[in-house]
Amino acid sequence: MYENIKYEVKEGIGYLTINRPKALNALNTEVLAELQQALGEIEADEAVKAVIVTGEGRSFVAGADIAQMSKLNAVEGRAMMAAGHKVMDTIEQMPKPFIAAVNGFALGGGCELAMACDIRIASEKALFGQPEVGLGIIPGFDGTQRLPRLVGKGMAKYLIYSAQNIKADEALRIGLVEKVVAPEELMPEAEKLAKTIASKAPIAVAQAKIAINNGYDMDSKSASQFEVEATTVCFGSEDQKEGMAAFLEKRAPEFKNR
Ligand code: CO8
């Protein structure tokens with residue numbers, strides 16, 4: 001069904017793999033369209049409790065497709081950017097957790113894709129960077145916005161202005177990734193985390209994502225109020241009754257996403 005990505009669901013976990021290894025999984029308009037379609041599937045499928053995003057072969061995503069971009073005029077460039085923004089925003093706004101399992105190059109649009117996910121786990125072999133200014137553009141899939149929010153303005157400027165790539169350990173040090181593991185541990189580690197999250201109350205996880213992502217850019221008073229409303233949604237769920245009853249009855253909870 002898909003030509004440039006792979007999407008499968010196993011035991012409540014969605015596996016979204018960029019599958020264009022000959023071009024190191026570079027994002028062209030076809031890949032972006034397929035990603036958007038798969039995200040629609042994920043959103044509509046209640047069985048999917050968490051999603052792992054990764055790349056086939058030795059790269060996560062080596063950026064937007066330079067061969068394709070080289071031919072674009074301003075109008076076409078804007079359209080491709082809109083498609084990229086839509087993918088990244090859909091991931092960020094969907095009330096399901098996304099884990100980037102960064103197996104190799106996460107450059108340009110690849111770093112931006114990883115940043116749109118909720119949590120990043122990197123292989124020791126991963127390489128991060130925003131090389132755009134070396135190509136005559138700037139990060140155009142929201143890297144100028146998400147990178148400073150993750151690592152601070154100064155470090156974001158250091159990386160974006162210099163177009164310097166950094167290894168996984170440095171990405172960990174600056175807060176661009178949450179964990180670094182040996183290459184063979186990457187998928188098991190991402191799966192372990194996805195399954196842990198999937199075992200929790202889905203409405204609570206969703207409300208946590210909504211509260212963090214929306215509250216982050218609000219003034220603190222509005223953000224606090226937003227948290228109250230999001231928690232109130234949880235109190236209205238069956239899963240809140242189940243979670244607390246299970247604790248009091250000293251048994252494992254059975255969440256129903258209701
Ligand atoms: N786009 C298109 N093709 C690519 C890309 C890419 N981003 N990256 C690698 N490839 C292709 C290569 O052209 C090569 O193809 P071929 O075999 O046909 O020659 C194949 O993948 C393998 O690559 P290399 O031979 O270069 O492999 P190396 O191991 O020697 O090097 C690197 C790997 C270091 C990752 C190198 O390929 C590289 O530097 N790639 C480009 C990285 C980059 O600059 N990425 C940022 C792109 S800009 C961007 O992402 C902007 C996003 C937002 C703006 C959107 C506006 C519309």
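**Exercise 1. Which helices and which strand each supply at least two residues of the shell around the ligand?**

Before we start, note that this is a predicted model, where local features need pLDDT of at least 70, side-chain atom pairs count only at pLDDT 80 or more, and totals for chains, interfaces and linings use all residues. Residues are numbered from 1 along each chain as its sequence is written, and side-chain values use heavy atoms, with hydrogens and water left out.

*Solution.*
- Step 1: Helices (H or I, at least four residues) and strands (E, at least two) are DSSP runs, numbered from the N terminus.
- Step 2: At least two shell residues come from each of helix 2, helix 3 (74–93), strand 6 (105–107) and helix 4 (109–116).
- Step 3: Helix 3 gives the largest share, three residues.

**Exercise 2. Find the residues that come nearest to the ligand, and their polar atoms.**

*Solution.*
- Step 1: A residue counts as near if one of its heavy atoms lies within 4 Å. There are 25 residues around the ligand, and Arg 58, Ala 62, Ala 64, Ile 66 and Gly 109 come nearest.
- Step 2: Look at pairs of N or O atoms within 3.5 Å; within protein, one must be able to donate a hydrogen and the other to accept it, and residues adjacent in sequence count only if both atoms are side-chain atoms.
- Step 3: Arg 58 places a polar side-chain atom 2.9 Å from a ligand oxygen. Ala 62 uses a backbone N or O atom, 2.9 Å from a ligand nitrogen, and a backbone N or O atom of Ala 64 lies 2.7 Å from a ligand oxygen.
- Step 4: The ligand taken alone exposes 1100 Å², and the protein buries 64% of that (Shrake-Rupley method, 1.4 Å probe; for residues, only the protein chains shown count as cover).

**Exercise 3. Is Ser 237 buried or exposed?**

*Solution.*
- Step 1: Find Ser 237 in the loop between helix 10 (220–235) and helix 11 (238–248).
- Step 2: Buried means under 20% relative accessible area, exposed over 50%, partly exposed in between (1.4 Å probe, protein chains only).
- Step 3: Ser 237 is buried because its relative accessible area is 8%.
- Step 4: The Ser 237 side chain reaches the backbone nitrogen of Gln 240 at 3.1 Å. Leaving aside residues up to four places away in sequence, Ser 237 touches Ile 203 and Arg 258 (heavy atoms within 4.5 Å).

**Exercise 4. Compare the settings of Glu 11 and Asp 142.**

*Solution.*
- Step 1: Most residues other than glycine have a negative phi.
- Step 2: Phi is positive for Glu 11, near 45°, and for Asp 142, near 80°.
- Step 3: Glu 11 counts as exposed, at 70% relative accessibility, whereas Asp 142 is buried at 17%.
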